[in-house]
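These exercises go with the sequence and structure shown below. Try each task before reading its solution.

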Amino acid sequence: MKLPPLTIGKFTAQVPLVQGGMSIRVSTSALAVPVAECGGIGTIGGSAIPVEELQADIRKAKAATKGIIAVNIMFAMKNFYSLVQGSIEAGVDMIVTGAGFSRDIFKIGKETNTPIVSIVSSPSFAMLAEKLGAAAIVVEAKEAGGHLGTTVPLRELFPEIRKVVKKVPLIAAGGITNGFEMAEMMDKYGADGVQIATRFVLTKECSVADSFKQAMLHARKEDIALIKSPVGLPGRAIRTPFVEKLLSQADLKAKECKYKCLKKCDHVYCISDRLTAACEGNIEDGLVFSGENVFKMKEILTVREVFDQFVSQAESMYKEPGVTYPGAVAQ
């Protein structure tokens with residue numbers, strides 16, 4: 001059965017698939033545009049980059065597609081509101097935000113007619129986001145990559161939030177690697193769409209260094225670890241040499257705070273330096289955030305191939321009575 005479209009505010013994606021916004025400079029217009037062209041929601045990672053750079057990339061994306069372009073900005077950023085306002089001025093279609101919770105963002109969204117999408121990991125924050133005016137809510141569970149807000153698996157967390165969110169689209173995120181799991185989340189669990197991130201790093205269009213992709217491509221299940229982030233949240237990452245040192249409690253403190261990017265930072269290491277190093281190809285010293293199920297991904301595809309694969313697999317199972325979902329993760 002054909003998958004339904006996903007409507008967020010005044011925008012409708014023909015494919016209910018949102019590309020996660022990964023920073024720093026992992027999700028740029030180079031990735032977001034082909035996702036939007038395929039009928040999904042393409043997302044630029046807007047955290048920890050200069051406002052002017054973000055605006056230029058948004059304008060580049062908007063000039064290249066008539067599809068939907070979002071920007072993801074962590075609330076933990078010191079210049080969060082400057083990045084939000086700058087994105088809106090540059091013509092972004094919607095703002096996605098997590099890693100903390102802002103009440104004021106909903107007022108900005110209402111004043112500028114910009115849909116605000118909240119990433120949450122608990123029923124209480126989901127209820128609050130809906131009450132304050134979120135246009136959609138992303139339920140991000142423990143299987144996700146990067147900063148995590150919960151230790152609860154997606155198939156346990158999502159039903160609890162589905163019970164309390166009734167008025168706006170609810171999007172499932174965390175560890176989804178194929179279209180069978182997409183159909184499962186939409187059909188069995190009642191998701192209005194899914195968000196995936198790690199799978200999109202392993203595309204030809206993603207602009208990170210090839211060594212970054214190879215680190216993901218060759219990662220085994222035991223190569224994925226939980227680390228402490230200076231943001232104050234746990235993070236899921238690949239065991240690079242830097243991460244191994246971090247896990248062994250080596251002294252990795254930065255000698256100076258060059259960026260002053262976070263509202264609160266424990267300075268255990270400079271996350272901006274480490275993410276940038278990995279993005280540029282220095283895996284030895286870099287931090288490679290990754291979803292829990294990256295070990296299942298064995299090839300680099302084009303964005304179009306990812307969409308074709310997800311949609312064909314999902315539509316082969318979606319709304320089929322009594323169906324079981326091959327490839328779905330057993331809990």
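**Exercise 1.** Which residues does Asp 57 touch, not counting residues up to four places away in sequence?

Solution. The model is a predicted one. Begin with the position: Asp 57 lies in helix H2, which covers residues 51-64. With residues up to four places away in sequence set aside, Asp 57 touches Thr 28, Ser 29 and Ile 44.

**Exercise 2.** State whether Asp 57 is buried and whether it has a salt bridge.

Solution. Asp 57 is buried. Next, look for the nearest side chain of opposite charge: this is Lys 60, at 5.2 Å. A salt bridge requires a side-chain nitrogen of Lys or Arg within 4 Å of a carboxyl oxygen of Asp or Glu. Asp 57 has no salt bridge.

**Exercise 3.** Find the buried residues of helix H3 and list elements that cover them.

Solution. Helix H3 spans residues 80-89, and its buried residues are Phe 80, Leu 83, Val 84, Gly 86, Ser 87 and Ile 88. Their cover includes H2, strand E5 (68-74), strand E6 (94-98) and helix H4 (104-112). Just after H3, Gly 91 has a positive phi of about 100°.

**Exercise 4.** Work out the strand order of the open sheet of three strands and name its edge strands.

Solution. The order is E9-E13-E12, with antiparallel pairing. Strand E9 (146-147) and strand E12 (224-228) are the edges, each pairing on one side only. E9 is joined by two bridges to strand E13, residues 234-238. Across this pair, Gly 146 stands opposite Arg 236 in E13.

Note on methods:
Residues numbered from 1 in each chain as written. Predicted model: local features only at pLDDT ≥ 70, side-chain atom pairs only at ≥ 80, totals over all residues. Heavy atoms only, no water. Helix = DSSP H or I, 4+ residues; strand = E, 2+ residues; numbered from the N terminus. Buried < 20%, exposed > 50% of the residue type's maximum accessible area, 1.4 Å probe, protein only. Lys, Arg positive; Asp, Glu negative; His and termini not counted. Contact = heavy atoms within 4.5 Å. Pairing = 2+ DSSP bridges.
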